[in-house]
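Dear colleague,

Please find below the structure that I am handing over to you, with its sequence. My notes on it follow directly after.

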Amino acid sequence: MNQNDIKKLLQKGERLTLEAKLAKTDVPKSVWESYSAFANTMGGTILLGVFEDLKEKDLAKRFRIEGVEDAERIRKDFWNTINSNKVSDNILTDNDVKVVDVNGKYVVCIHVPMADWHVKPVYLNENVYKNTFKRNHEGDFHCTEQQVRAMIRDSYEGGNDGALMEHYDMNDVDPDTLRRYRTLFQFRNEGHVWNEVDDKTFLKNLGGYIVDRETGKEGLTMAGLMMFGKGLSIQERFANFRMDYIDFSNLIGEERYSDRLTYDGRWENNLYQFFSRVIPKVTFDLPRPFRMEGIQRVDDTPLHKAVREAFTNAIIHADILLEQSWVIDATLERNL
């Protein structure tokens, strides 16, 4: 980074990925909040030695390069602190902290990358629930306990899908859902050895049922319960989990929505049944050009595959432990 790079950054003002601080003689305490926030969000740049006139509305005049008095001492203090227990993890390298000469005034530039998923959350003062920050617009804000717990879950090396759900067994599996899935599996995998095994063994092979060899406990995994479980069993374990499909397009008069699928007792509230019912809705009016492969018509297109993949990814990456509903809004897809 050089002085021209700094000037270009400041022309757009503080934002999601830029924080400017005066820091004339010392490393400001607020630097560490920005460090945590950038690491937990999208990464960003911290500039030390820049004055911001909050009353100035013109961004071109709002920032003034003041420089720091002793750049090398500030850089040394920064490194000493970041390698202490002030922060949970030092994710920087030597090249991430530079001193730049801007017309004879020295600015300390700190590039903070986004932390890897297994490192998050990056927090301060050995207190993960009180001192974890995130970046919104141009400010650093405390993460809620729920947000912190979500990052901790995401950092788990083995993932959460294979976790044993104690006291949830084959009695919590919806037979009709599993039958539908096995029928589809058999159709697409004719002659597969799994087609001949019983339901429990089939689920074990899929990773939906597990036996803990150390404790002898066995039962459904989180993935098995969410994918094939009975709606009531899922609600007992994840009380705040609810799936909704809503289409707000083409509304007429006082209509609140043009189509909706929510749990109403007419289908099991599990992921497989939700996926099976929603996919036809989100792909119904996509263009289907006529194409033949031999004597078979092929209606699938790259657009259909992209929509299915996006929907599948939404399911895979959804955090079912968050205290909120999980909603698929079809309005955007309809307006593509």
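The accessible surface of the protein comes to about 19,800 Å², and 49% of it belongs to carbon and sulfur atoms; accessible areas come from the Shrake-Rupley method with a 1.4 Å probe, and for residues only the protein chains shown count as cover. This is a predicted model, in which local features need pLDDT of at least 70 and side-chain atom pairs count only at pLDDT 80 or more, whereas totals for chains, interfaces and linings use all residues. Residues are numbered from 1 along each chain as its sequence is written, and side-chain values use heavy atoms, with hydrogens and water left out.

Of the 336 residues in the protein, 39% are buried, where buried means under 20% relative accessible area, exposed means over 50%, and partly exposed lies in between (1.4 Å probe, protein chains only). The protein has 12 helices and 15 strands, which are DSSP runs numbered from the N terminus (helices: H or I, at least four residues; strands: E, at least two). Among contacts (heavy atoms within 4.5 Å) between residues at least 6 apart in sequence, 62% join residues at least 24 apart.

Turning to the aromatic residues, rings of Phe, Tyr and Trp (its six-membered ring) pair if their centres lie within 6.5 Å, and planes under 30 degrees apart count as stacked, over 60 as edge-to-face and the rest as tilted. By this rule there are 11 aromatic pairs. One of them joins phenylalanine 185 and phenylalanine 202 edge-to-face, at 5.4 Å centre to centre and with 80° between the planes. Because phenylalanine 185 lies in helix H6 (residues 175-188) and phenylalanine 202 in helix H7 (residues 199-206), the pair ties together parts that are 17 residues apart in sequence. The rings of tryptophan 194 and phenylalanine 202 have centres 6.3 Å apart and planes at 90°, so this pair too is edge-to-face. Tryptophan 194 counts as partly exposed at 24% relative accessibility, whereas phenylalanine 202 is buried at 0%. Ring pairs link these residues into a cluster made up of Tyr181, Phe185, Trp194, Phe202, Phe228 and Tyr272. In addition, the charged end of arginine 182 sits over the ring of phenylalanine 202, 4.3 Å from its centre, the criterion being NZ of Lys or CZ of Arg within 6 Å of the ring centre and within 35 degrees of the ring normal.

Two loop residues have a positive phi although neither is a glycine: alanine 23, near 50°, and glutamate 126, at about 60°. Alanine 23 is placed in the loop between strand E1 (18-21) and helix H2 (30-40) and is buried at 8% relative accessibility, while glutamate 126 is found in the loop between E6 and E7 and is exposed at 62%. The loop between strand E6 (105-112) and strand E7 (133-136) also holds proline 121, and the peptide bond to proline 121 from lysine 120 is cis, with omega near 0°. For context, most residues other than glycine have a negative phi, and most peptide bonds are trans.

Lastly, glutamate 69 lies in the loop between strand E4 (63-65) and helix H4 (71-82) and is exposed, with a relative accessible area of 58%. Leaving aside neighbours within four places in sequence, glutamate 69 is in contact with Lys24 and Thr25; its C-alpha atom is separated by 5.7 Å from that of threonine 25, 44 residues apart along the chain.

With best wishes
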